[in-house]
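Biologist: I would like a close look at a single part of this model, explained slowly enough for a first-year student to follow. Please take one helix together with the strands around it, and then go on to the contacts that link parts of the chain.

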Amino acid sequence: MRRSKSHFALVLLCLALSYVLGVSNLKTYPVFESEANSIKHLWISHSSPTLTIPETLASVFARSPDHAPGYMMLLNIWSRLTGRDFFTLRLLSVFFGLFALVLTYRLALLISGADTAIMAALLAACLAYFVYYSYTARMYSLLAMGTAWVAWSYWKTASSEGTVPRYRWLNYIGAAAAITWVHYFGLIVLAALGVYHVFFAPKTRRWLQISLASMAAGLLFLPLLPYFVAGTAGREVPWSDALSLVDSARAIASIYTNGLPFVAPVVAILAAVNYRRLDQAQKYILILACAIVLLMLAANEIAPLLIARRIRYTIIFALPWVCALAVALSLLPGWRRWRIPLLILWIGAFTAYSRSDEMLLYTNWLTQNQHKMPHYQDLLYESAVVTKETDYIVSFHPNLPLSWQYRSYYGQIPGKWAGLIHLWTDDGIPAFYSSDPTLGSVESMANWRFPVWLVYNPRETDLESIPAYADGFAKHYRSCGRVVDKPLSVIERYAPVDVSCALLTAPEPLAIQFDNETELANIEIEMDSDSLNVYTWWTRTDFGIYTYSLQVVDREGAQTGLQTDNLIGDSGFYTLSLDVSSLPAGEYVVNLIVYDTVSLKSQPGLAVGAQARFQREVEVGSFRVEG
């Protein structure tokens, strides 16, 4: 049990690796469909308040009856402290993953010493399936942590010499109860502990005390029992979806060996051959891991539980397994010489398996087409993308519709953008999803007058081959520049073909905020022969209440008689042209006035860039007429 400085350095390395792998992936992917199933228990929409804890409980029981509510309650509290951004929501799972790693280390240290503990921690830190769920806003990293916690607390209590302190009993009872509140698969963990406790543990007074403590933990599950029964009875999963016994065993062996399933029988042989010389602690972890997997396989023969796309519940096996694997590997002859090569093999397998089709299948990516989705999250996290609340997001894909989870989360984010429009092709016919139904057709594109952020996955999407783009969108909109260009994500700014791109791309836009809360994001003036083209971009309006006037004066402020007045309707782009052919040669200034359409009262405001207030008119540009 003696540990050196290098030992502690390796522990910190494992934690740092787990943290980096988790945090580096928090912004890499758009919201997963399963994650949207988490946030539906936190709030109804982006603009609605966070549900209370009792409301979250009621939502889980009513809308996700096959799930326990513990994680949702913790996520509710976490969101109140850190906000609703998915970066922070996912971050909670990273922290659970770190705690799980610590508990795995403590469990292996208690069972088989420092070298085994380090090996178990390294194996867990580079277990692809565990790492994936450590940055997903679901309960699975918490479930894995709960498994390690209850396994450690049980053996810590069972192996203690003398009187067991009260806090240790509370620790075990709390761990045993908590895992059932995280997920009902936690009952399988407790059943596996029961197998060891009944059939393999020494029958001493301590055995009886642990039995009573386990009953106390069971009492804490009783409030959930009616919901567990109702949820189990109400599951509608066809037997055809369930994996067979052989396929289930093969899937679990592959998932928890980073795609090296031969490791599982090797471990079984090593454990069987050396069983007699194992101490009781080592037998405990091997029996526990074996019992968990056998109970899952047996339960799947009774009810369809193990399904390829929903096999994530088996994560209860992950951490007892890596402890058992570390113990078994230590039984190899000349183990110390084999450690580094085996770790290199494990890490290489981790890297390869993380990107494999099998991993995509078992994490439900293939079924949900997660790998095909436009990377909407880049609109929120890429520094080059600065959206306004009146912008629209437009995405294209050859044949992929959006599920309700994506529509619900990205459809409209207050303060970020006004709506989402997604286009794909269904049997050769353009298909639309639009958060605003009036914008959901190719024909409506001719009337769009708002800025667009076009987002798509270039590995999946060739824009020119999509009819809705080539025959519709590209005819009415033009690109004003690519702001994100990554292998799996492209984001471009688009404006109507009759609008100057400078209106969107100007490094110092002429933004004006009026006291009546009308807001002009920018205005651009361009001379074209005898015409003065004026492009305005209104981001906040009050339909029909106000009018804007453009007046041309000379440098001395004398009126030229050249003026145009236009009603401010919806937010978006406005384009107009003034005939300046009658003006004599010279320098001219364009002033903007916003006034009440009925009372004609001018509206004061602030030129944002210069921080200059005005009471009536504000200069918005100048031009020169040549002689």
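Modeller: What follows begins with one helix, moves to the strands it packs against, and ends with some salt bridges and one serine.

Please keep in mind throughout that this is a predicted model. The helix I have chosen is H22, which covers residues 467–476 and whose buried residues are Ala468, Tyr469, Gly472 and Phe473. When you look down the axis of H22, these buried residues fall within an arc of 120°, so they line one face of the helix. The other side of H22 carries Asp471 and Lys475, and both of these are exposed.

What do the buried residues of H22 pack against? Their partners are six strands, namely E1 (392–396), E2 (419–426), E3 (429–434), E4 (452–456), E5 (477–486) and E6 (489–496). Two of these, E1 and E4, deserve a slower reading.

In strand E1, 5 of the 5 residues are buried, so the strand is largely enclosed by the rest of the structure. In a regular strand the side chains alternate between the two faces of the sheet. In E1, Tyr392, Val394 and Phe396 point one way, while Ile393 and Ser395 point the other way, and all are buried. Burial here means a relative accessible area under 20%, which is a useful cut-off to remember for the residues discussed further on.

E1 has pairing partners in both E2 and E4. With E2, strand E1 pairs in the parallel sense over 5 bridges, and within that pairing Ser395 stands opposite His422 of E2. The chain path belonging to this pair includes helix H21 (residues 404–410), for E1, H21 and E2 make a right-handed β-α-β unit. With E4, strand E1 also pairs in the parallel sense, over 4 bridges, and there Ser395 stands opposite Val455. Ser395 is therefore a helpful residue to find on the screen, because it faces a residue of E2 and a residue of E4, while being one of the buried residues of E1, a strand that is largely enclosed.

Strand E4 can be read in a similar manner. Its residues are buried, 5 of the 5, so E4 is largely enclosed by the rest of the structure. Val452, Leu454 and Tyr456 point one way from E4, whereas Trp453 and Val455 point the other way, and all are buried. Besides its pairing with E1, E4 is joined by 5 bridges to E6, and these two strands run antiparallel. In this pairing Val452 stands opposite Tyr494 of E6.

Next come the salt bridges, of which a search of the whole structure finds 15. One of them joins the side chains of Arg90 and Glu35, with a nitrogen-to-oxygen distance of 2.7 Å. This pair links distant parts of the chain, since Arg90 lies in helix H5 (residues 86–112) and Glu35 in helix H2 (residues 33–39), 55 residues apart. Both partners are buried, Arg90 with a relative accessible area of 2% and Glu35 with 0%.

Another salt bridge forms between Arg540 and Glu389, whose closest N and O atoms are 3.2 Å apart. Arg540 is in strand E9 (residues 531–540) and Glu389 in the loop between helix H20 (378–381) and E1, so that this pair links parts of the chain 151 residues apart. Here the partners are partly exposed, Arg540 at 36% relative accessible area and Glu389 at 38%.

A further salt bridge brings together the side chains of Asp498 and Arg449, at 2.9 Å from N to O. Asp498 lies in the loop between E6 and helix H23 (502–505) and Arg449 in the loop between E3 and E4, so the pair ties together parts that are 49 residues apart in sequence. Asp498 counts as partly exposed at 36% relative accessibility, and so does Arg449 at 26%. Finally among these contacts, Asp378, Glu382 and Lys486 are linked in a network of salt bridges.

The last stop is Ser48, which lies in the loop between H2 and helix H3 (53–63). Ser48 is buried, with a relative accessible area of 16%. Leaving aside residues up to four places away in sequence, Ser48 touches Trp43 and Arg84. A polar atom of the Ser48 side chain also lies 3.2 Å from the backbone nitrogen of Ile44.

Definitions and conventions. Residues are numbered from 1 along each chain as its sequence is written. This is a predicted model: local features need pLDDT of at least 70, side-chain atom pairs count only at pLDDT 80 or more; totals for chains, interfaces and linings use all residues. Side-chain values use heavy atoms; hydrogens and water are left out. Buried means under 20% relative accessible area, exposed over 50%, partly exposed in between (1.4 Å probe, protein chains only). The arc is that of the directions from the helix axis to the C-beta atoms. Contact means heavy atoms within 4.5 Å. Two strands pair if DSSP finds at least two bridges between them. A crossover is right-handed if, with the strands pointing away from the viewer, the path from the first strand over the helix to the second runs clockwise. A salt bridge is a side-chain nitrogen of Lys or Arg within 4 Å of a carboxyl oxygen of Asp or Glu. A polar contact is a pair of N or O atoms within 3.5 Å; within protein, one must be able to donate a hydrogen and the other to accept it, and residues adjacent in sequence count only if both atoms are side-chain atoms.
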